[in-house]
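Let's take a walk through this model, starting with a few arginines and working outward to the sheets. Keep the viewer open as you read.

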Amino acid sequence: KSIADLGDLRGKRVLVRSDLNVPLEGATITDDGRIRASVPTIKALSEAGARVVVCAHLGRPKGTPEDKYSLAPVATRLGELLGREVTFASDTVGESARSAVGAAQDGDVVLLENLRFNAGETAKSADERAEFAGQLAELADAFVSDGFGVVHREQASVFDVARLLPSAVGGLVETEVGVLRRLTTDPERPYAVVLGGAKVSDKLAVIDNLIQTADRLLIGGGMVFTFLKAQGHEVGRSLLESDQVDTVKGYLEQAQERGVEIVLPVDVVAATEFSADADHEVVGIDAIPADRMGLDIGPESSALFAEKLADCRTVFWNGPMGAFEMAPYAAGTAAIAQALVDITSDGALTVVGGGDSAAAVRQLGFTDDQFGHISTGGGASLEYLEGKDLPGITVLDES
Ligand code: 3PG
């Protein structure tokens, strides 16, 4: 069901689950991409005359309030982007929330305090979750699931509440799923996936799946050193998951059997420590000094990766190639972004998945419209590509 199926919303209280989990430095939002992406659905509901009750999480507080995880700065930014006042409730389902929702007029927007200040939101026990979901449901007449970044979480505001209210999928989730479906259903080929980020253990399931579906897998970031080790290279003090080396060897063999090309760096930027001021140099992957750590792919690798992407018609990218937040280690990530921008202008479908990668491309000066799609979901988009059921979506099919 989409929002139109909920009927006339004028005067109705509509609970919207958005993903407003943005990076903050103190009270300053350093990347408001997820708030921007959430605006169209909230705006459409407000313009339809609904009393819009937005709920979301920030960070991973453990079920009790913590100032640093307050959504107050997000309420201010959301108001600026919507061009109307957003009433911020200082709790999620308590007195403040009930009175803010009770006072809301048609078209008004209320943002509830961080869902994860309540233990019931992420509780393992279905009963505890259902109890919290019941309190959320009392604040509304209908529910719209629009937080794509959390649809892989079986949590009260994502999953349980959809069983208690007439529910619909929001426009952001519809768009995200529509784009990802193009990657999983007969993608135009060559289809390449670029994977980076720190840990290979977070990406095992998706690699397993991509070996069946993609034509090329380009790997960088901290996770690449486990691949390089599996190929017999010494990686110095670089990130290494020794317990995954055998698994990775298995992937390399499977990929070869299936004719999937795995592209690894040929050089890296090796530094004496994890710091922007550290002494660093470009070395070949067979010459990483024992006392250095690789913090980015090197220039020859950037050129190689760009060449491997140049003829692709579909590319999914998740995870930076290096410690891009420090200037000496940003070139590899920038090179991938540029390669994607180039093929996007030639009509290829390029999808950037994940909060970190999205923040990286914006921080490096690229804009969203230079890519086919920038997904708001990191874990969610990976789980979609793995072919897993996403609880926040299956529950809507059920209802
Ligand atoms: C994300 O940042 O990927 C989403 O907001 C989900 O957050 P979580 O991983 O803490 O559930």
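Before we start, one yardstick: a residue is called buried if 20 or more other C-beta atoms lie within 10 Å of its own, and exposed if 12 or fewer do. Bear in mind, too, that what you're looking at is a predicted model.

With that in hand, go to Arg-34. Is Arg-34 buried or exposed? It has 25 C-beta neighbours inside 10 Å, so Arg-34 counts as buried. You'll find Arg-34 in helix H1, which covers residues 33-47. If you set aside the neighbours within four places in sequence, the contacts of Arg-34 are Asp-19, Leu-20, Asn-21, Val-22, Gly-149 and Thr-376. Several of these names come back in the UniProt record: its unreviewed entry places the feature "binding site" at a set of positions that includes Asp-19, Leu-20, Asn-21 and Arg-34. His-57, Leu-58, Gly-59 and Arg-60 are also among the positions in that record.

The arginines that UniProt lists for "binding site", again in an unreviewed entry, are Arg-34, Arg-116 and Arg-153. So much for Arg-34; on to Arg-116, which lies in the loop between strand S6 (109-111) and helix H4 (119-122). Arg-116 has 25 other C-beta atoms within 10 Å and is therefore buried. Beyond four places in sequence, Arg-116 is in contact with His-57, Arg-60, Pro-61, Gly-63, Glu-121 and Thr-122. Two of those partners, His-57 and Arg-60, are themselves in the UniProt "binding site" annotation.

Arg-153 is in a loop as well, the one between strand S7 (142-145) and strand S8 (167-169). Arg-153 is buried because 21 other C-beta atoms lie within 10 Å of it. Its contacts outside the four-place window are Val-158, Pro-391 and Gly-392.

Now zoom out. The protein is divided into domain 1, residues 3-171, and domain 2, residues 178-386. Taken over C-alpha atoms, the centres of domain 1 and domain 2 are 33 Å apart. How many residues are in contact across the two domains? Eleven residues of domain 1 meet ten residues of domain 2. The domain 1 side of that contact is made up of five nonpolar, three polar and three charged residues.

Cross over now to the stretch that leads up to strand S9. The loop between helix H6 (171-184) and S9 holds Pro-190, and the peptide bond from Arg-189 to Pro-190 is cis, with omega near 0 degrees. Asp-186 lies in that loop between H6 and S9 too. Asp-186 has a positive phi of about 50 degrees, although it is not a glycine. With 10 C-beta neighbours inside 10 Å, Asp-186 counts as exposed.

From there, follow the chain into the sheet that S9 belongs to. It's an open sheet of six strands with parallel pairing, in the order S11-S10-S9-S15-S16-S17. Its edge strands are S11 (261-263) and S17 (373-374), each pairing on one side only. S9 (residues 191-195) and S10 pair in the parallel sense over four bridges, and Leu-195 stands opposite Ile-219 in S10. Look at S10 (residues 216-219) side-on: Arg-216 and Leu-218 point one way, Leu-217 and Ile-219 the other, and all are buried. That fits a general pattern: in a regular strand the side chains alternate between the two faces of the sheet. Further along, S15 (residues 314-318) and S16 (residues 349-353) pair in the parallel sense over five bridges. Trp-317 has Val-352 in S16 as its bridge partner.

There's another sheet to visit. Three strands form an open sheet in the order S13-S12-S14, and here the pairing is antiparallel. The edge strands are S13 (280-284) and S14 (293-297). Neighbouring strands of this sheet are turned by 40 degrees against each other on average, direction ignored. S12 (residues 267-271) and S13 pair over five bridges, with Val-268 standing opposite Val-283 in S13. To finish, find helix H10 (residues 299-310), which lies across S12, S13 and S14 and runs at about 145 degrees to S12.

Terms used: Residues numbered from 1 in each chain as written. Predicted model: local features only at pLDDT ≥ 70, side-chain atom pairs only at ≥ 80, totals over all residues. Domains from an automatic or database assignment. Contact = placed C-beta atoms within 7 Å. Nonpolar A, V, L, I, M, F, W, Y, C, P; charged D, E, K, R; others polar. UniProt positions renumbered as here; feature names shortened; annotations may be inferred. Helix = DSSP H or I, 4+ residues; strand = E, 2+ residues; numbered from the N terminus. Pairing = 2+ DSSP bridges. Axes fitted to C-alpha atoms, helices over the stretch in contact; angles between N-to-C directions.
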